[in-house]
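Welcome! Have a look at the structure below, then try the exercises and compare your reasoning with the worked solutions.

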Amino acid sequence: MAASSGAVEVFEGSTRDAHRIQMQTLRSILERNAAVGYLRRFLCGDAGFPDPAQADPAHTAAAFRRLVPLSSYDDYADLIDRVADGAEPPTALSVDPLLCFFNSSGTSTSKPKLIPYFDSSLAKSASSVAHQTSSALLQSRLFPPTRSANKVLWFLYAGNVTATKAGYKVMAASAFPFHNNTPTPSPLLSMCVSPREVIVGADTLQQMYCHLLCGLSLSASVDCIRAPYAAGLIRAIRMLESKWMQLCDDIEYGSLSSEITEPSMRVAVQELLGAPQPELATRIREICMRNNWRGILCRLWPKLCYIACVSTGSMEQYFSLIKHYAGDNLPLLGGNYFASECPIGINMDRSRPPATTSFVIIPSAAYFEFLPFELGGSPNVQETVDISGVEVGKMYEVVVTTYRGLYRYRLNDVVKVVGFYNSLPRVEFITRAPKGDSEVFTERDLISAMTTLGLMIGDGKGGEIVEFAGYLDPNSDQGHVIIFVELDKDCLFLQRENVDKSIGQLSRCCQSLEACLGSVYKVKRAKGNLGLLELSIVKPGSFEGLARMAIKSGAPANQYKPAKILRTCKFVNLLKENVILSSASELSF
């Protein structure tokens, strides 16, 4: 705790001298990596670029931004692939040793990005301060640890580790602590109610079931529930809804279901289950048999203090549903703003709801630039500003230069500056930036449209929107947008006797939803460049199938985020095959 408190003091100090620390951060990066292959073509041999160790930091930063162009993942993809295959040395990106690659958490494309993870002591130090600061803020300001209940039901899936041709491991960033070859195991393991064999298992559905079983069998020891993202927590709760009777049988008889087939996972969970617990099983059955599951998490885990997961951005749609299961009095804490590329911001008040959550930029984590951005505005690249040049109320795309081989790299994250914490910008996450000129709507536009749809069909009779995604279908004369929506299985739309009424209502919904899809979409529709919006209802469980396909294709299970904008044909085709009702079709089962 003392070390964590010290981290808070270090971070607080950095907030008062942010510009100097940013200059120092860039200088440290360039002192080590200015001569690597990627940067050499821009910097070496140019008389205009000074020696970072000797020159004025502001002059170095200005020259760096003038000579090195803004980049995106596409600018690194071929080079990273060659490094991964062993055809190019890692020194093309950084002089530090390459430990592994992280998979990006995005799932809109079939192939996740490979983010190189170099063994940088400076990056480790900055990341350590960020994590320790966050932990200390949680424990000192919100929830001091207790002895009676000190286990976390943590829905972690760190097992889908692959290897490149050159032998480098590939995993989610959040899985690294469980595969780091150090003499001592990760301290996270001692916090988790589930054994390591569950966390590093190979089958996410078996892992999810075992997480639930371990959490329920040791429910008196659990004081918080965590998941990397809100979507992952909702997936687990839905499994609880469908499997609670089987889970109770396992607890009652002290015997693990035959559906769990991974040998090491079976042995570890069976050992944790121990003797039969018929009284606990009866209590859980009585709770789950009730028709109303509002607040059920507090009843199942009576010592629960809070739930924690990322619920901003595209995760915001799940917040109200998690609150439903949590009840009115259980705090739902947000996460920090960390990316696979680097930490970005700390959430100084994790108790705020997603709509008012903001993050304080971490000045030692990377060199930050901000590219002015307007929703629906021109995609023309403008000049960036640094942390001292941002203005409150304006939106920017985040650009980072990291210790680990990415230089003036566009994260595709759009943030809004909402204030300052001492000298550091405080930002809200707004949306993912469009991939290019062909994008006609953003994630934020789509979420707005689905909020409207929820109000239109929310009749209190099972009209809940479970999941959704949009796709610009080019396979027509004009091209048109399809929005795939999965509704609760009890929704009246899915009743055969309501077919005609449902089709008519979907058509009326389309007209209203088009008003939500942003200025770019509206202009293209007005010019006749896009056809009428199509709203397609898919079978219950379709998006769970999409999740399994994405994870099988390489998306990290530990950080799975359902894509809101689809760009991969096989994902689109899966949903098209499961359409049961469309604004342009009939009901089909």
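The exercises that follow deal with helix packing, a sheet and an aromatic pair in this predicted model.

**Exercise 1.** Work out how helix H9 and helix H11 are oriented to each other, and which residues make their contact.

*Solution.* Start by finding H9 at residues 204–217 and H11 at residues 263–273. Their axes lie 10 Å apart, at an angle of about 15 degrees. Angles under 35 degrees count as roughly parallel, so H9 and H11 are roughly parallel to each other. H9 brings Gln 206, Gln 207, Cys 210, Leu 213, Cys 214 and Ser 217 to the contact, and H11 brings Met 265, Val 269, Leu 272 and Leu 273. Sorted by class, these are seven nonpolar and three polar residues, with no charged ones. Finally, the crossing of the two helices, H9 and H11, is left-handed.

**Exercise 2.** Now do the same for helix H18 and helix H19: are they roughly parallel or antiparallel?

*Solution.* H18 covers residues 542–552 and H19 covers residues 569–577. The angle here is about 155 degrees, and the axes are 10 Å apart. Angles over 145 degrees count as roughly antiparallel, and H18 and H19 are therefore roughly antiparallel. Next, look at the handedness: H18 passes H19 in a right-handed crossing. On the H18 side you will find Ser 542, Phe 543, Gly 545, Leu 546, Met 549 and Ala 550, which meet Lys 570, Phe 571, Leu 574 and Leu 575 of H19. The residues of this contact divide into seven nonpolar, two polar and one charged.

**Exercise 3.** Trace the open sheet that contains strand E16: what is its strand order, and which strands are at the edges?

*Solution.* The order of the four strands is E16-E17-E18-E19, and their pairing is mixed. The edge strands are E16 (465–473) and E19 (579–582), each of which pairs on one side only. From one strand to the next, the twist averages 25 degrees. Now zoom in on E16 and E17 (residues 480–487): the two run antiparallel and are joined by eight bridges. In this pairing, Glu 467 stands opposite Glu 486 in E17. To finish, add helix H15 (residues 443–457), which lies across E16, E17 and E18 (534–538) and runs at about 130 degrees to E16.

**Exercise 4.** Find Tyr 38 and Phe 42 and say what kind of aromatic pair they form.

*Solution.* The ring centres are 5.7 Å apart, and the planes are at 70 degrees. Planes over 60 degrees apart count as edge-to-face, and this pair is edge-to-face. Tyr 38 and Phe 42 are separated by about one helical turn, because they are four residues apart in helix H3 (residues 37–43). This pair is one of 11 aromatic pairs in the structure.

Technical notes: Residues numbered from 1 in each chain as written. Predicted model: local features only at pLDDT ≥ 70, side-chain atom pairs only at ≥ 80, totals over all residues. Heavy atoms only, no water. Axes fitted to C-alpha atoms, helices over the stretch in contact; angles between N-to-C directions. Parallel < 35°, antiparallel > 145°, perpendicular 65-115°, else oblique. Left-handed = near helix turned anticlockwise from the far one by under 90°. Contact = heavy atoms within 4.5 Å. Nonpolar A, V, L, I, M, F, W, Y, C, P; charged D, E, K, R; others polar. Pairing = 2+ DSSP bridges. Phe/Tyr/Trp six-rings, centres within 6.5 Å; stacked < 30°, edge-to-face > 60°.
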